[in-house]
Protein chains: 2
Amino acid sequence: MNKNIVGIDWGTSNRRAYLIDQSGACLAEHADDQGMLAVGGRDRFGASLAGLLAAMRLPSDVSVIMSGMVGSASGWQEVDYLDASVPLARLPSHLAAVTDPAWAGRATIVPGYVYRDGGAADVMRGEETQLLGAVALGHRDGWIVLPGTHSKWVLLRDGVIQSIATYMTGEFFAMLSKGGTLSAMLSGDSANADGFATGLKQAASHAPLTNSLFRVRAGVVSRSAPAEQAAATISGLLIGAEFAAAARAADGLGITVIGSPALAARYAVAAQHFGLTCAVLDPHQVYCTAVSQFLKASS
Amino acid sequence: MNKNIVGIDWGTSNRRAYLIDQSGACLAEHADDQGMLAVGGRDRFGASLAGLLAAMRLPSDVSVIMSGMVGSASGWQEVDYLDASVPLARLPSHLAAVTDPAWAGRATIVPGYVYRDGGAADVMRGEETQLLGAVALGHRDGWIVLPGTHSKWVLLRDGVIQSIATYMTGEFFAMLSKGGTLSAMLSGDSANADGFATGLKQAASHAPLTNSLFRVRAGVVSRSAPAEQAAATISGLLIGAEFAAAARAADGLGITVIGSPALAARYAVAAQHFGLTCAVLDPHQVYCTAVSQFLKASS
């Protein structure tokens, strides 16, 4: 019997699959743009998954574990959120079996988490799998930061989620670039170091982003700030807003960033600005580690 | 000689013209969508203005005073910003003559203001004319609020600008409605009273909008907030961010809103939530009052 497993990070726009063996080694990888929105409806996920396995030349009876938006109300099958109090190490005992008869018994979906704070709530789907990997790699305490379209800041204590905060950082940057008052400035270099530092500094004021972002433009039109730094200043304001909020919540803890090298480098600069130590983990390694945890628990 | 004057509020997307007589009465009004972007280039403002006067059946030699983006770098002629320390009552002595020979001697542009705060700057073009009108109507102290695409909060002391803060409230609401994670929720009723109150309450936390806006969606998908209130909650968060920032800057001062009845009503609710008194002025009356001040000063 084949004891390998395929882990699929199935998001809104893209998906990425990893074939993991019993030792936890990653034997193969596959990425494509067949995210939830591209699949085109609940009843087409099965065919989409079969296509993915065929593209990876895998036997059709291989076990599959999926995380991300595939488990949302608009995905293959809605899987209820776990409460934040459930330790990440217990995730393997909460997997939801896919009910589609063609896949029952060998395809499961990882549940996301909901965090409740008074009347407010924050949620994740997909990042919990990364968190399980980080915990297995020894990162059981402090802030885990997963930057991206929706950046997640998760505070861990002994492998248990203490809080979840999502920031629409990447989505805002893309949206502001597409049109409106700031779009012309955003065609510039968003990595300019001086501009980025200016944005980080201004983020510490906690002014609303509707105001601080406008002031980037006001600085340019009133000739008090260089236009070529504006895109990086906006990046610094958006990323800095995450740090300013987290710094208020738990001063002095270090952060562990799970992200691509380019994005992680930007967060490392911001961490230094806010006086936080910063470790960086590779998201692929973290994901594979999590899948091997699931595999271990199932055998 | 014709001593009437035409005041034109010439913005980015629209313009509105008022014919004012020496007594300050408004004899005629005209609004169209020939804002700066529609004119199509610097050298076409003259023809556009001639068309406006013809549409109003006015003699071609009538005096014209223009405010707004018509005086920006992308407008008819760039007019330098005044420093915030210049009293609003002195605006009539800072009008810039249009240099286009066809209009020289009878067309002028009102300068905007720049406010500098350490390294940061904020600016206005067009709102200064409303402010002159408000001052002439006796509103010389406290917050003047001009809600809209770019909401302006201006703190006045004895008719002099103490600070300018711009919030991209209307632009953000429109941008978030157009696409992305929140757009589906924004097709709902943005005036729902309970939802709006929820947003105002959450705005007081000073959490970054990238986070608080995401949490509106998180509340709906985790079944902790009613979906039909989400659009109004987002409106409350965006408008509440203005009040939360201003409340921090100058606690307890009343506000005077210059805005349409629908928008002013929403700001009045927010003011009450934040414990501020709120007066409302009609923007057309305020603009006409300002134009009559210019006319008086020129005669």
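Biologist: Let's start with His206(A): what is its relative accessible area, and is it buried, partly exposed or exposed?
Modeller: Happy to look, bearing in mind that this is a predicted model. His206(A) sits in the loop between helix 5 (193-203) and helix 6 (209-221) of chain A. Its phi is positive, about 60 degrees, although the residue is not a glycine. Buried would need a value under 20% and exposed one over 50%, so His206(A) is partly exposed, with a relative accessible area of 22%.

Biologist: Thanks! How are the two chains related, and by a turn of how many degrees can chain B be laid on chain A?
Modeller: The superposition gives an RMSD of 0.0 Å, with a shift of 0.0 Å along the axis and a turn of 180 degrees. That is the relation of a two-fold axis. The same surface serves both copies, as the share of contact residues of chain B that recur in chain A is 100%. The turn asked for is 180 degrees.

Biologist: Which residue of chain B forms a salt bridge with Glu78(A)?
Modeller: This pair crosses between chains, from the loop between strand 4 and strand 5 of chain A to the loop between helix 6 (209-221) and helix 7 (230-249) of chain B. Glu78(A) is partly exposed at 35% relative accessible area, while its partner is exposed at 61%. The side chains meet at 3.5 Å, N to O, and the partner is Arg223(B).

Biologist: And within chain A, which residue does Arg15(A) meet in a salt bridge?
Modeller: Arg15(A) belongs to strand 2 (residues 15-20) of chain A, and its partner to strand 3 (residues 26-32), 17 residues apart. At 5% relative accessibility, Arg15(A) counts as buried. The N to O distance is 2.9 Å, and the partner is Asp32(A).

Biologist: Which residue pairs with Arg140(A) in a salt bridge?
Modeller: Arg140(A) is in the loop between helix 3 (127-136) and strand 10 (142-146) of chain A, and its partner, 18 residues apart, is in the loop between strand 11 and strand 12. At 34% relative accessibility, Arg140(A) counts as partly exposed. The partner has a positive phi, near 50 degrees, in a residue other than glycine. The two side chains meet at 2.9 Å, N to O, and that partner is Asp158(A).

Biologist: Now a lysine without such a bridge: which side chain of opposite charge is nearest to Lys152(B)?
Modeller: Lys152(B) is found in strand 11 (residues 151-157) of chain B and is buried. A salt bridge needs a distance within 4 Å, and the nearest candidate is 4.5 Å away, so Lys152(B) has no salt bridge. That nearest side chain is Asp122(B).

Biologist: With which side chain does Lys152(B) make a polar contact?
Modeller: Setting aside neighbours within four places in sequence, the contacts of Lys152(B) include Glu127(B), Ile144(B) and Ala165(B), as well as Phe214(A) from the other chain. The polar contact itself spans 2.9 Å from side chain to side chain, and the partner is Thr166(B).

Biologist: Which residue of chain A does Thr169(B) touch?
Modeller: Thr169(B) lies in helix 4 (residues 169-178) of chain B and, at 7% relative accessibility, counts as buried. Not counting residues up to four places away in sequence, it touches several residues of chain B, among them Gly148(B), Leu238(B) and Tyr267(B). From chain A it touches Thr210(A).

Biologist: How many residues of strand 4 of chain A are buried?
Modeller: Strand 4 runs parallel to strand 1 (residues 5-10) of chain A, joined by six bridges, with Ile5(A) partnered by Ser63(A). Strand 4 also pairs with strand 7 (residues 107-109) in the parallel sense over three bridges, and there Val64(A) is partnered by Ala107(A). Strand 4 (residues 63-68) is largely enclosed by the rest of the structure, because the number of buried residues, out of six, is five.

Biologist: Finally, how many of the 10 residues of helix 3 of chain B are buried?
Modeller: The buried residues include Glu127(B), Gln130(B), Leu131(B) and Val135(B). After the helix comes Gly138(B), whose phi is positive, near 100 degrees. Helix 3 (residues 127-136) is largely enclosed by the rest of the structure, because the buried count is nine.

Key: Residues are numbered from 1 along each chain as its sequence is written. Chains are lettered from A and ligands numbered from 1 in the order in which they are written. This is a predicted model: local features need pLDDT of at least 70, side-chain atom pairs count only at pLDDT 80 or more; totals for chains, interfaces and linings use all residues. Side-chain values use heavy atoms; hydrogens and water are left out. Copies are superposed by least squares on the C-alpha atoms of residues with pLDDT of at least 70 in both. Contact means heavy atoms within 4.5 Å. Helices (H or I, at least four residues) and strands (E, at least two) are DSSP runs, numbered from the N terminus. Buried means under 20% relative accessible area, exposed over 50%, partly exposed in between (1.4 Å probe, protein chains only). Lys and Arg count as positive and Asp and Glu as negative; His and the chain ends are not counted. A polar contact is a pair of N or O atoms within 3.5 Å; within protein, one must be able to donate a hydrogen and the other to accept it, and residues adjacent in sequence count only if both atoms are side-chain atoms. Two strands pair if DSSP finds at least two bridges between them.
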